[in-house]
Every structure is written in structure tokens, then in C-alpha cells.
Amino acid sequence: MKKVFSVLCALMVLSIGAFAQGPQGPRRGADNGWRERVRAEKVAFLTEEIDLTESEAQVFWPIYNEIQKAQRDGFEAVKNAYDAMAKGVEEKKSSKEMEKLVKAYIDAKEKNEGIETKYLNKLLKVLPAEKVARYYVAEEKFRHQQIGRLGNGNFPNLRMSEEQRQQWKERGEQMKEQFRNWTGQGQKKEN
């Protein structure tokens, strides 16, 4: 019964997330629903890994939604600050203007990094430390699992053609060679 309740709570989390996106769906083009499928998989994975009781699930999932929103907002703030800073470099802004842009970028990064601390305390107030640890371990396990799937081409909309794969490989080799040249490791030693 507790598993059924946890799964129902998880489904509720997903429906709230889908509703929050609005009628247009994700912002960056059509994705054929893969983002929602990944979110559904993540919620199911977390539900299984954390092993929440009914009462724990009732308090965990709203906090989880807050964490997800804060992380999305934080990422967006860092991205916007970075874009503004990069544009400032491109436009050769004055030193004073660049200083403001750099400070805004660093501030956004620091706020984004503080999200974990803020929500750790909230989680510890409603869950035992072991289950909070399980949550963080499950988040990391899921992230690694998704990276593995992406590398294996299991995301149909993100698959690369062989030509694209070769271009990435060649670009990687070029970057390695540039790094070797910059660090002096690319020069052959003469005997």
C-alpha cells in the first residue's frame, strides 16, 4: 500500500510539472515528449530508491518540486548572466561595465550553488538523514544512468549521425592538440 501511495504521489508531481510548463510545452522546440518521459523515469526511480512512507512522501514531493524549480531558475539565472557577460566581451564593453557583468555572473553562480544547502535543511526537518542521503545518492545514480543512456544513443532526438560523431571526434583531437601546444607538451623533445 505504501508503494502504491508513493507512486500516486510521484504521478501527481509529474502532472504538476506538466501543468506548470503550460500549453506550449518545453521552451526549446519539439522534443516528442522525451523530457517528460525522463522526468517520469526519475520520479519512479527516486520513489523506489528512497523508499518513502506515505507520510514522508506527502512532505517530500512538495519540497522536491521546490528544489527542481529553484535549480531550473538558478540555472537560467547563471545562463543569462553568462550570456550577458559573453556579449559584453564580444562588444568590448568598458572595464567598469565588464566588472558589473562579471560580478553578476559570479553572484548568480554562488546563489545557484547555495540551493543545495538551503534545501538540505528543509529535507532534514521532514526526513531522517538516511533517507535524505538516499535521495542524494539516487539523484546521482539517475544522472549517471542518463549520461550512460545518452552516450549509447538511447535518446532518439539526441542521436548523432556518424558524420556528426566524426566531426565531434575530430574537434576533440584538435582541442587536445591546441592544449598540448599551449602547455608546451606538443613540442617534441630533441635528444
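**Starting from a loop**

Asp 51 sits in the loop that links α2 and α3. Bear in mind as you look around that this is a predicted model. The backbone at Asp 51 has a phi near 60 degrees, which is a positive value in a residue other than glycine. That deserves a glance, because most residues other than glycine have a negative phi. Is Asp 51 buried, exposed or somewhere in between? Its relative accessible area is 24%, and since burial needs a value under 20%, Asp 51 counts as partly exposed.

There's another loop residue to set beside it. Lys 92, in the loop between α3 and α4 (95-113), has a phi near 55 degrees, again positive and again not a glycine. Lys 92 comes out at 72% relative accessibility, so it counts as exposed, the cut-off being over 50%.

Now zoom out. The chain has 7 helices and 0 strands, and reading along the sequence gives you α-α-α-α-α-α-α. Of its 191 residues, 24% are buried. If you take the contacts with a sequence separation of 6 or more, 72% of them are between residues 24 or more positions apart.

Back to the two helices on either side of Asp 51. Packed helices are described by two things, the angle between their axes and the distance between those axes. For α2 and α3 the angle is about 130 degrees and the axes are 13 Å apart. How do the two helices lie relative to each other? They are oblique, because an angle of about 130 degrees falls outside the ranges for roughly parallel, perpendicular or antiparallel. The crossing of α2 past α3 is right-handed. On the α2 side, the residues that meet α3 are Lys 42, Val 43, Leu 46, Thr 47 and Ile 50. Their partners on α3 are Phe 60, Trp 61, Tyr 64 and Gln 68. Some of that spacing is what you'd look for in a helix, because residues three or four places apart point the same way at 3.6 residues a turn.

Next, follow α3 over to α5. Here the axes come within 11 Å and cross at roughly 180 degrees. That is over the 145 degree cut-off, so α3 is roughly antiparallel to α5. The α3 residues in this contact are Val 59, Phe 60, Ile 63, Glu 66, Ile 67, Ala 70, Gln 71 and Gly 74. Facing them from α5 are Ile 115, Glu 116, Tyr 119, Lys 122, Leu 123 and Val 126.

A further partner of α3 is α6. Those two pack at about 45 degrees with axes 13 Å apart, and at that angle they are therefore oblique to each other. The crossing of α3 past α6 is right-handed. Glu 56, Phe 60, Tyr 64, Ile 67 and Gln 68 of α3 make the contact, together with Lys 131, Tyr 135 and Glu 139 of α6.

Stay with α6 for a moment. With 23 residues at 1.5 Å a residue, α6 should span 33 Å, and its end C-alpha atoms are indeed 33 Å apart, so the two agree. Which residues of α6 are buried? They are Lys 131, Val 132, Tyr 135, Ala 138, Glu 139, Phe 142 and Gln 146. The cover over them includes α2, α3 and α5. Glu 139, a residue of α6, has a relative accessible area of 16%, so it is buried. Leaving out residues up to four places away in sequence, Glu 139 touches Lys 42, Leu 46, Tyr 64 and Gln 68.

Finally, the nonpolar interior. The largest nonpolar core has 22 residues, and the members that touch the most others are Leu 46, Leu 52, Phe 60, Trp 61, Leu 123 and Tyr 135. Two or more residues of this core come from each of α2 (34-50), α3 (54-90), α5 (115-126) and α6 (129-151). Which of these helices gives the most to the core? It's α3, with 7 residues. Phe 60 is a handy place to park your view: beyond its neighbours within four places in sequence, Phe 60 contacts Ile 50, Leu 52, Leu 123, Leu 127 and Tyr 135. Apart from this core lies another one, made of 6 residues, including Val 78, Ala 81, Met 85 and Tyr 105.

Note on methods. Residues numbered from 1 in each chain as written. Predicted model: local features only at pLDDT ≥ 70, side-chain atom pairs only at ≥ 80, totals over all residues. Heavy atoms only, no water. Core = buried A, V, L, I, M, F, W, Y, C linked by side-chain atoms within 4.5 Å. Buried < 20%, exposed > 50% of the residue type's maximum accessible area, 1.4 Å probe, protein only. Helix = DSSP H or I, 4+ residues; strand = E, 2+ residues; numbered from the N terminus. Contact = heavy atoms within 4.5 Å. Expected span 1.5 Å × (residues − 1). Axes fitted to C-alpha atoms, helices over the stretch in contact; angles between N-to-C directions. Parallel < 35°, antiparallel > 145°, perpendicular 65-115°, else oblique. Left-handed = near helix turned anticlockwise from the far one by under 90°.
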